[in-house]
Amino acid sequence: MGRASRASRWRIRAIATLLALPAILAALIVPAPVAGAQGSFTPQPVKAGGSMTILEVQGLDGSWPTGLDPATSLTPASNMDEMNSIYGSLFELAGKNGTNIPDLATGYKISKDGKTVDIFIRHGVKFSDGSPFNAAAVVYNWTRDFAMKANDDPSWPITTTNPFTTKGPYTAEIHLTVPYTPLISTIHIHDVNWIVSPTSLKRMGEAAYKLAPVGAGPFVVVKDTPPTELQLKKSPTYWQKGLPELDSLTFKAVSSDNSALDAMQAGEAQAYIDLTNHQLVKTFQSSFKVTPEESADPLDVQFNTTHPPFNNKIAREAVAYATDSATLNKEIYGGSTPLVQGITGPGGLFYQQKVPGFRSYNLAKAKALVKQMGGLSFSLLGSANGVGLAESEALQTMWKAAGMNVKLTLSPDLASRIASFRQNSWQISNGGDGSWDPAGGVGVWFFFLSDSLYTGVHDPKLDALINKATEVNQDERGAVYQQVSKYISDQEYAVQMFTAPLFNAATKNIYAPCLTTTCPTIETVPEVLWQYAGYTK
């Protein structure tokens, strides 16, 4: 959620990708088969062998309290680094120009009516347990994901009967009720991209499997200690010969940016993902290589309009006028990122800097609306960790200045925050609602479609607009998403604020694409290609 699901997660790479992707996405609406376009990505030579420890923030990326089975985990997209390491990917949207790199899938084909998508599976691949990786395994996974209403199912408009079928041993078919233009461009951020071994799952059972998952990725699990440490070793059966470069890879959770700095200075880790404290950037730079990220995710305030007080539009407007985004940005992030009014940031598709009628900070108007209501009391759902806590406390102070009675409900980890959403037990939340493509990850559909588990809005008109944006041709989608941004703003379903600056830190002798390089990958979680990570020669 919010930063955490970057699945929140705010991470997006360079806006240059916008120049390359329309042609790729347009393939979804033409009848010709498309072998996923090879990117111009060239890995840097590194020494074979060695081990690497990667730090992530506990409660955000660095937590997987419900395990690493994509169908049962509450946080699969937040744990994309771990998932990619174990399972590999069907597709990776990565590379120098954001082009589509086929991995366990080699390409796709769209039917003339746009309702059938064939995914071509790589021949000769095996899971690390020796069982075949084929179309049957992929269809088994997709069927299971949707049947279980998995946490990160994409919003594909699949048919109610036989939505997934095989056509021979190496072609998996997706059957849709209507065309879904962003299917391929968003598949990599959802659970359907990570394929579990049906053989191991059936043999072990779900409870055991989620703690010792088996995939076809570059690494296999040595020891999983959820939610804070995952030890992996090189897979001897990985389909890309000679890879991964590393012998072992470990992910560890830390409580804060300061804890990460201490651990790296003590030589306990080689990299830290998603540094957010701008005041510590120079300190990290004095000893480590620091690489900036560009975000497509606006940080926002989201309302639950299904019960008081925010079923009243006046209450939502009062909060909007009381939110001083410029000051909050300056205090928390040094004012280094742009203010945002639409549903994506400058690193994302369909970025709209200004939205007509957007309600900017006006304390006098906020006070007048609170007085008109006879007072306004509510609880803010926020994070108990790091910069998320600082944001929540700053918002509380701002809103109190407008005469509001604001309590904080702070979640110690991502799982408890998700539980609040799924139980509909929240009133207002701060986080992020963006994605490189608004149809993927935790894009606009995730927080605003009526049938989403994480929405606070049930508005048929907004549903129709969001769905329309996935059905029209790629060159028409931007205009529809402008209507979506305007409608959300007019109804004040969320207060869009700004994007947050993020950085990756690493020792100067390691290399990992999109970790130690400015990498134009194109989703909210960086596509770190761990099979290429290693120590420089």
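Which residues is S429 in contact with, leaving aside its neighbours within four places in sequence? The list is D300, V301, Q302, L380, L381, R417 and F421. Before going on, please keep in mind that this is a predicted model.

S429 is found in strand β19, residues 428-432. Its relative accessibility is 2%, and since buried means under 20%, S429 counts as buried. Another residue to look at here is P298, whose place is in strand β16, residues 298-303. P298 has 0% relative accessibility, so P298 counts as buried too. There is also a long-range pair to note: P298 and M497 are 199 residues apart along the chain, yet their C-alpha atoms are separated by 6.4 Å.

Next, a run of paired strands. I will start at β11 and work across.

Strand β11 covers residues 219-225 and is joined to β12 by 6 bridges, with the two strands running antiparallel. The connection from β11 to β12 is a hairpin through 3 residues. If you want a place to look on screen, T225 stands opposite E229 in β12.

V222 lies in β11. Is V222 buried or exposed? Neither, strictly: at 48% relative accessibility it counts as partly exposed, the upper limit of that class being 50%. Not counting residues up to four places away in sequence, V222 touches Q231, L232 and K233. For reference, V222 and S248 are 26 residues apart in sequence, with 9.3 Å between their C-alpha atoms.

Moving on, strand β12, residues 229-234, pairs with β13 in the antiparallel sense over 5 bridges. Two positions mark that pairing. E229 stands opposite K252 in β13, and L230 has F251 in β13 as its bridge partner. E229 therefore serves as a marker twice, because this residue is the one opposite T225 and also the one opposite K252.

Strand β13 itself spans residues 248-254, and 5 of its 7 residues are buried, so β13 is largely enclosed by the rest of the structure. Besides β12, strand β13 has β4 as a partner: 7 bridges join β4, residues 51-57, to β13, and those two run parallel. The bridge partner of V57 in β13 is V254. As general background, strands of a sheet pair through backbone hydrogen bonds, either parallel or antiparallel.

There is also a small open sheet of 3 strands, in the order β3-β23-β22, with antiparallel pairing. Why do β3 and β22 each have one side without a neighbour in the sheet? β3 (46-47) and β22 (510-511) stand at the edges with a single partner strand each, so one side of each is left without a neighbour. The pairing of β22 with β23, residues 534-536, is over 2 bridges. Within it, Y511 has G534 in β23 as its bridge partner.

Now the nonpolar core. The largest one has 61 residues, and those that touch the most other members are L90, I119, F133, W142, W156, I174 and F448. Helix α3, residues 135-147, gives the most to this core, with 6 residues. Taking L90 on its own, and again not counting residues up to four places away in sequence, its contacts include P102, L104, I121, F133, V138 and W142. D103 and N193 are also among the residues that L90 touches.

Last, the empty space. The largest pocket holds about 620 Å³. Its lining has 26 residues, and D153, P154, S155, W445 and D451 lie nearest its centre. Two elements give two or more residues to that lining, α14 (444-448) and α15 (460-471). Of these, α15 gives the most, with 4 residues. By class, the lining of the largest pocket divides into 17 nonpolar, 5 polar and 4 charged residues.

The second largest cavity has a volume of about 70 Å³. How many residues line the second largest cavity? There are 13, of which N84, E92, D103, W530 and Q531 lie nearest its centre. That lining is made up of 5 nonpolar, 5 polar and 3 charged residues. D103 comes up here for a second time: it is touched by L90, and it is one of the residues nearest the centre of this cavity.

Conventions
Residues are numbered from 1 along each chain as its sequence is written. This is a predicted model: local features need pLDDT of at least 70, side-chain atom pairs count only at pLDDT 80 or more; totals for chains, interfaces and linings use all residues. Side-chain values use heavy atoms; hydrogens and water are left out. On a 1 Å grid over the protein atoms alone, a cavity is a set of points where a 1.4 Å probe fits but cannot get out, and a pocket is an open set with protein on both sides within 12 Å along at least five of seven lines; lining residues have an atom within 4 Å of a point. Grid points are joined across faces, edges and corners, and a volume is the space filled by probe spheres set on the points. Ala, Val, Leu, Ile, Met, Phe, Trp, Tyr, Cys and Pro count as nonpolar, Asp, Glu, Lys and Arg as charged, and the others, Gly among them, as polar. Two strands pair if DSSP finds at least two bridges between them. A nonpolar core is a set of buried Ala, Val, Leu, Ile, Met, Phe, Trp, Tyr and Cys residues joined through side-chain atoms within 4.5 Å. Buried means under 20% relative accessible area, exposed over 50%, partly exposed in between (1.4 Å probe, protein chains only). Contact means heavy atoms within 4.5 Å.
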